[in-house]
Amino acid sequence: MTSGDIVYDKIHFRHDPKWSGRIGPAEGGGLLVCVACVIEMIESEDIASVRKCFALSSISGVLKCFPGALRELLQQDHRVSMRFTASLLGMLHTVEDPATLEKVHQVLVQLLLELQSEVSFHFVLDEMHKQLSDRHSVKGFRPMFNLLGALVEAVPNVAHSLVTQYVSLLEHLCSALLYPDEALKASVLYVWLKLFGTAGGSAAQSLPAAIRDRVCILLLQTLANAGSPEVINNCVGLLWLLVQQGEVVSVLMNSPDNQIMCDGNQSIHTNNSQSISQNQEQQSLDHCPLPLILKQLLLSGDEMLQVASAKCIVSVLVHSPSQYSAPFIKADVPEFLFDCLASTNSEVLLWSAYSCLVLLTQDLLFFTQCHSVYGIESLVRSLKEALRLSNLEVQKQGLLLLTEILERQPPSVRLFPSGPGFVAVSEAIIAGVSSSCLLVATQGASAASALLRLNHQSRPVQYRELEGLVQAITSRFSELPIPSPVHRRNSGNLKRSGLSSQTSRSEGFVLQALVCFQAACRLAQDCASEPALKENTFTAPSKHSHAQDSLESLCHCLLHCCDSIWIPTVIKLCERAPSAQTLQYFYSILSSQFTLLPSLMPVFANKLASSGFYRLALEHKGLLCAGNRNPNLNASCCGFLQKLSMCLLSQSDPASGSYQYDVEEVENLLVHNLPPLCCRLSDWPSLLCEAPGLQLCEYKGPRATQYCMVILLHLALQQGDRLLPDQTVFSSVLWLLRSVQEQGSCAPSHSVLRSALYLLAVTQDKSHSLDGAPLNCISKALSSCQSFSSLYIHHPALLHFICRYPELAEKFGPSVLELWLTKQAQHRDAGPTVADVQENREKRKIHADERQDQEPDTETIELLTLMEKYPAVTMTLLDMLCTREAPLAERALGVLEVLLRGQRDYEVDLCAKLRPALLQALQRLSVENMGHGLTQGHTQQVHSLPLVLRLLCVTQASDPPSSASYSKMDGVHFKLLYHVSNIAGRLKPADTESLLPALNYLYCCLSLSPAHCTDRAVSMLLSNSGLMDQLQTVLSSSSSSSAPSPSPSACPPSALLCCSHLLLSSLITLQCVHSAQVHKSISWSLDTAVQRLLVQKRSTDNLLLVSCLRLLQALLDVDLASAVVCVSTSPGLVGPRPLGVQDGALYPLGSRGAQCLSTALSGLLLQKHELLLRASVNCLSSLLGFLQRKSHVTGARQRDS
């Protein structure tokens, strides 16, 4: 052969030139190839193997580099091509050199592909079949089997021809598997592997069932006794292809193990292999060996074999887990799979083992044999490692397996009896939930849902870990790609598909997270119902309420997450297209919050209602539940609305005693009428205005549905959620009340009437005023209740609605005002004791001035606004002051006091209108108590006397000095002064609550009236001996209180003493001005007064010092000589008798007394109290005037002497 050309020079000259040709580029001359030379070299035994190998290599190169060139030479005569093929086939039996055999395989396959002739393919198959049939032994057929496998792989049509036309050849292939040569078995298995794997296994579908079943049995036998890696790998590969077909799986799983014999029990000879194989296939069936074989592969330690074994198990179980799981479980395959998980980090093996175990968990036998208990620790450990890998499918599959085990584990067998095991699985799930892939996180949330079951909780319950799970899921919400509806509309077409995919994944995660959150809430409820789980036994009792690892902490976490994260996220997600399933879990979660932390539910309920959740839930019901659709969502919405309504209703706290009955009544209405109420809010007005027929049941029917709607409208509107326009609500409720009365039905219940009244009151401002018929209808409806308190709701609109119409105000005005004041008092001070009331009264007396400076509360301001619009309310409050119980009367007094102190422009002559009413009250009190005296009885009138007197004082002090009422002291003013002075004279000195305002009023009349209008008043007061005795008693008590150890009961209140001092000072001054006649004088100790100013000033109230100075000033102005007050003195002030000239002139003060008083006043000038400073200056000025006037008398006496 020349270099490069495929020509054998020694014999080439004998060949016809037509079998030679130049192949390649023309400019280079090309490569000379002679087919005849090649064939002769192959067939000749004299040619060296190396030369033959070179020739085959050259031919292979030509076939590869110049397609079609060799075909042109061979197609001149097909007999030459057949001979060429036959020669190559013959070399498979004659050549032993592996390299040459490889070239023969290569050239044969290339040649057949080059010729693309069915005749050539059939020729090769016929030759193979002929050779297998002629020989009694398959020894030496390995090269041919390798060729057949390569040919099946390269030419798919060959596989189809084999299974349809060469069944006998396939039988020879089956028999070849019984030959003990491992290499030969590997070659045969290679053929079957390629045959079943060609064109997706389509050729295997045409394989006769008998051949297929025989292959299955022989495969199991070969695999069971395989010794070489090549055989094992080919067996496993073929097995994996076989188990993809359901019919084949049935054969494999029903093959008896005694049919699978070991090599040691075989007596296979080359001359009788066929008969032996037939005998083996006829043995009886016992049980399936496939699970045991695959278990051995798991134990091999070879990762590839372990993966293949797991994949085969998965492929078998996929066809029928319920049918095929039991043999694998009984063979302890799950145990070895869990061991694989504990000892590998291979992603492929992990995924395969996870997938296999997922299918095995479908069988209850998996759990009854405690495989889950055995493998849970290995699973958790491997899952933690898998979550650190980058393969997301492995992570999903691992979490899926954990989910299946947690969901299917029988409650009687605990997976996590102790805390560390539960902590470990919690950490794994948290890692899954925290994955950057939403699909993995969704599967993690599913595992968390399964873990949040009572039977999976350790003892003690790991509340901190549960809280961590909830927080981990909640923290993912901030990362969710949930575009707003505006963003969705503005997104372009190119981004729409990607945005839809992200949104779909987000919705899937939110849905699974909701399932998990609901499971957490249910678990918290279950733990709360079991005392053994409610508290951690190993926590000190003193730390239970503050422990982070406690049920209360978990409940707070659930509420906080729900309020701050879950609610906004779900609402945003459902803005575009509400999902019935998502909303079902959402409303169920909201409902569960009302049972976890009842103490916080009022605030939570108010927030929900004020945020529009009534509208939201009702709209979702109307949109998704109409026509009996989505019953689960309807039930969740109804449960939420019911609990929200009952919580809001419990806060209303009606004044009647039928509160519990009303709650049960409303609950029954909601339970029976919320489920069928599945219409849009726009349809409500027509439903409210329908005239239903006969109502057979109190809680069911169209009328009950209308009542239910009224209650919902009320509770929603009370929190600012207007479900319907105000005008619509007003007219609909009014029509409903009129319809009930016209139909003659029973009056609505208290709760329905209460809601109707509230709706009418709140929506009145935006509706037309009512005339006679509607007012009569409302009045009749309200009168149907025995007590208006059962209908009362503490809201300003109710006040204005009742007082707006005289017909309603006449009947219900006093009641609504009384309830308003009662509620106001309850809000300010819930349930005060008797001691608290007395203490509060004293504080009001002492700090009256400070209280006047305080801003009125909102309830009082509302009443002031009401009185501005409806003046008749003022008289109603005055009547309440005179006739109601003390707490309510005091509250009415407080409102009137605020009104009088802040006189508004709308009522300039308010005081003039109040005085006649007050005069009548005083006259009635005087007449009713004249018989037994004001100091004996304990009637309501006696209790109202101090309130009337206090209001009279405020009225007198609030009347402007420029008012015409002061033009003369006659009429109502004088009558009031007369009755008050008589009452003051008859009061018991200990009755300071009435005596103080009486004296205060007398002082106000004298001090605020012009001097020319006070002559009659002074004369009348000075002629009242009872009043003078009362003043003497007060002053005498004050003098006795100056003793070293006075009795507490003997000491009059400082306010009463102050008022007495001020009244006396006015009487002294005005008596001097008008020269009024004095019928009875009052004695007053000057020595006691000076001592108080000089020695006891630090222990004496500043206002008492001021009043004392004011009285002393009045006496000094009249030179200590007044018919009203008889001043007594002591030797300590005037000195011993006989008196000297100065002491006699200054009597009863004396020179020493003048010095003491001057010293005391000088000391008071250093005080920072403004009133005290002013009074001290004025008194000092009067003292100097007194001394100056007396100095002339002293000087004259000294000259006379």
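This report covers the overall make-up, one helix, one surface patch and the cysteines of a predicted model.

## Overall make-up

The protein chain has 1201 residues, of which 52% are buried. Its secondary structure consists of 61 helices and four strands.

Among contacts in the protein chain with a separation of 6 or more, 76% join residues 24 or more positions apart. The exposed area of the chain is about 52,300 Å², and 53% of that comes from carbon and sulfur atoms.

## Helix α9

Helix α9 spans residues 156-165, and its buried residues are V158, A159, S161, L162 and V163. These buried residues pack against helices on either side in sequence: α7 (118-134) and α8 (142-154), as well as α10 (167-176), α11 (182-197) and α12 (202-205).

## A nonpolar surface patch

L1165, L1173 and V1177 make up a nonpolar patch on the surface. Together the three residues have about 200 Å² of accessible area. L1173 belongs to helix α61, which runs over residues 1170-1200. L1173 counts as partly exposed because its relative accessibility is 31%.

## Cysteines

Zero disulfides are found in a search of the whole structure. A disulfide needs two cysteine sulfur atoms within 2.5 Å. For C340, the closest cysteine sulfur is that of C356, at 9.8 Å, so the pair is too far apart for a bond. C340 is buried, with 5% relative accessible area.

C708 gives a similar case: its sulfur lies 8.8 Å from the closest cysteine sulfur, in C638, and this is too far for a bond. C708 counts as buried because its relative accessibility is 0%.

Notes
Residues numbered from 1 in each chain as written. Predicted model: local features only at pLDDT ≥ 70, side-chain atom pairs only at ≥ 80, totals over all residues. Heavy atoms only, no water. Helix = DSSP H or I, 4+ residues; strand = E, 2+ residues; numbered from the N terminus. Buried < 20%, exposed > 50% of the residue type's maximum accessible area, 1.4 Å probe, protein only. Contact = heavy atoms within 4.5 Å. Areas by Shrake-Rupley, 256 points an atom, 1.4 Å probe, with all protein chains shown as cover. Patch = residues over 30% accessible without salt bridge, like charges linked within 9 Å, V, L, I, M, F, W, Y side chains within 5 Å. Salt bridge = Lys/Arg side-chain N within 4 Å of Asp/Glu carboxyl O.
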